[in-house]
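This report sets out selected local features of one protein model, with attention to backbone geometry, burial, side-chain contacts and helix packing.

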Amino acid sequence: MDIKQELEKRILIIDGAMGTMIQRYQLEEEDYRGERFKNWHTDVKGNNDLLSITQPKIIEEIHLQYLIAGADIIETNTFSSTTIAQADYDMQSLAYELNTASAKCARNAIEKFLASPEAKDRKNAWVAGAIGPLNKTLSLSPDVNNPGYRAVTFDEVATAYTEQIKSLVDGGVDILLIETIFDTLNAKAAIYAAKKFFRDNKLPELPIMISGTITDASGRTLSGQTLEAFYTSIRHASPLSVGLNCALGATQMRPHVEELSQIAECYTSVYPNAGLPNAFGQYDEQPHETAHIIAEWAQEGFVNIVGGCCGTTPDHIKHIADYVRDFKPRQLPVVESTLFQGE
């Protein structure tokens, strides 16, 4: 089923937080290691992506909970599944396997869901290959005494993303989701890698969803771009959707959602945190509170895809799905083509 056809009919639901759900299992170091990595030379607790290999049943179970809650789009557990990010655990060599294993977990969950009574009249769900922003940035120096220094090059970032994209495609994802973008140059490396991968391998392009992060009330990304500048920077990718996620709760995100809905020529997506974290780093916003705010966006015609980020759970997603069900999706604007002729 073509996702664009569904986007014309209704607001689609993307899932909620993976990390929040993993925390509920209270896993210890040995749980992350499993039998295969029981003698690994560094600690691996916190490497949530590794669980797709060592605890696939848990990851499938989380995906399934989100599907039952109403999610149409399931994100793979691959936020950090690049050679660059996995270097923190000296697991660079596992990047390909992490992505294919995570894609398999998501696909298995969808197959189980669609074959279950909970699916009811649902006919499909989509796997979005999650591509995170990396733990290194191309626009900012990690050394305050040397602003020109970069910990990584554009080519290195593009190479890491190319491997991730190849393995996600090999794993059978339906969509590529470049998300939580705080540095647009990193995102542009991911876009470049995706376009080049499909072109070089003579494969039809998968739809690309792009989601940035506004980090504070200034309305800018961490690398300093306004929302309009961010959109202009990635517009050439002809994405399926452009959106916002993470960093802020729904209340703080509202003006940015409205602005994005006015400038985007593609579909819009928004999946905020469950409010702002408290002093202990926990998220207190209740499912009905998050859903009420997002429902207002839907009523105003701002959104096409909605869901949750940090702190959100299947209960949040269920409330969001229920609250926006009766609202029509945002209509794509009619973009006029202007021909500029020389003197």
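## Leu134 and Asp90: positive phi

In this predicted model, Leu134 is buried, with a relative accessibility of 11%. The residue sits in the loop that runs between β3 (126-131) and α8 (154-171). Its phi is positive, at about 80°, although Leu134 is not a glycine.

Asp90 also has a positive phi, near 55°, and is likewise a residue other than glycine. Asp90 belongs to the loop between α6 (83-86) and α7 (95-114). Is Asp90 buried, exposed or partly exposed? Its relative accessible area of 37% makes Asp90 partly exposed, because the buried class ends at 20% and the exposed class begins over 50%.

## Ser102 in helix α7

Ser102 is located in helix α7. With a relative accessibility of 0%, Ser102 counts as buried. Which backbone oxygen does the side chain of Ser102 reach? The partner is the backbone oxygen of Asn77, at a distance of 3.1 Å.

Once neighbours within four places in sequence are set aside, Ser102 contacts Asp49, Ser52, Thr76, Asn77 and Thr78. Asn77 therefore appears both in this list of contacts and as the residue whose backbone oxygen the Ser102 side chain reaches, a pair that qualifies as a polar contact because its distance falls within 3.5 Å.

## Two buried loop residues: Asp72 and Thr213

Asp72 occupies the loop between α5 (56-69) and β2 (73-75). Its relative accessibility is 1%, so Asp72 is classed as buried. Apart from residues up to four places away in sequence, Asp72 touches Arg10, Leu12, Ile13, Arg122, Ala125 and Trp126. Two arginines, Arg10 and Arg122, are among these contacts.

Thr213 lies in a loop as well, between β5 (208-212) and α10 (227-234). A relative accessibility of 5% places Thr213 in the buried class. Leaving out residues up to four places away in sequence, the contacts of Thr213 are Thr180, Ile181, Arg220, Thr221, Asn245, Cys246 and Ala247. Ala247 is 34 residues from Thr213 in sequence, yet their C-alpha atoms are 6.4 Å apart in space. Asn245 supplies a polar contact: its backbone oxygen lies 3.1 Å from a polar atom of the Thr213 side chain.

## Packing of α9 and α10

The loop that holds Thr213 leads to α10, and α10 packs with helix α9 (residues 184-200). Two packed helices are described by the angle between their axes and the distance between the axes. For α9 and α10 the angle is about 20° and the axes are 10 Å apart. The two helices are therefore roughly parallel, since the limit for that class is under 35 degrees.

The crossing of α9 and α10 is right-handed. On the α9 side the contact involves Thr184, Lys188 and Ile191, and on the α10 side Phe230, Ser233 and Ile234.

## Packing around α12

Helix α12 (residues 287-300) and helix α11 (residues 250-263) have axes that come within 10 Å and cross at roughly 15°. That angle is why α11 and α12 count as roughly parallel. Their crossing is right-handed. Ala250, Thr251, Met253, Arg254 and Val257 of α11 meet Ile293, Glu296, Trp297 and Glu300 of α12.

Helix α13 (residues 314-324) is another partner of α12, with axes that come within 8 Å and cross at roughly 35°. This crossing is also right-handed. The α12 residues in the contact are Pro287, His288, Thr290, Ala291, His292, Ile294, Ala295 and Ala298. From α13, the contact draws on Asp315, His316, His319, Ile320, Tyr323 and Val324.

## Cysteines

How many disulfides does a search of the whole structure find? The result is 0. A disulfide is a covalent bond between the sulfur atoms of two cysteines. For Cys105, the closest cysteine sulfur is that of Cys309, and the separation of 20 Å is too far for a bond, because a disulfide requires sulfur atoms within 2.5 Å.

Cys266 is likewise in no disulfide, its nearest cysteine sulfur being that of Cys309 at 19 Å. Cys105 is buried at 2% relative accessibility, and Cys266 is buried with a relative accessible area of 8%.

Technical notes: Residues are numbered from 1 along each chain as its sequence is written. This is a predicted model: local features need pLDDT of at least 70, side-chain atom pairs count only at pLDDT 80 or more; totals for chains, interfaces and linings use all residues. Side-chain values use heavy atoms; hydrogens and water are left out. Buried means under 20% relative accessible area, exposed over 50%, partly exposed in between (1.4 Å probe, protein chains only). Helices (H or I, at least four residues) and strands (E, at least two) are DSSP runs, numbered from the N terminus. Contact means heavy atoms within 4.5 Å. A polar contact is a pair of N or O atoms within 3.5 Å; within protein, one must be able to donate a hydrogen and the other to accept it, and residues adjacent in sequence count only if both atoms are side-chain atoms. Axes are lines fitted to C-alpha atoms, for helices over the stretch in contact, and angles run from 0 to 180 degrees between N-to-C directions. Angles under 35 degrees count as roughly parallel, over 145 as roughly antiparallel, 65 to 115 as roughly perpendicular and the rest as oblique. A crossing is left-handed if the near helix is turned anticlockwise from the far one by less than a right angle, and right-handed if clockwise.
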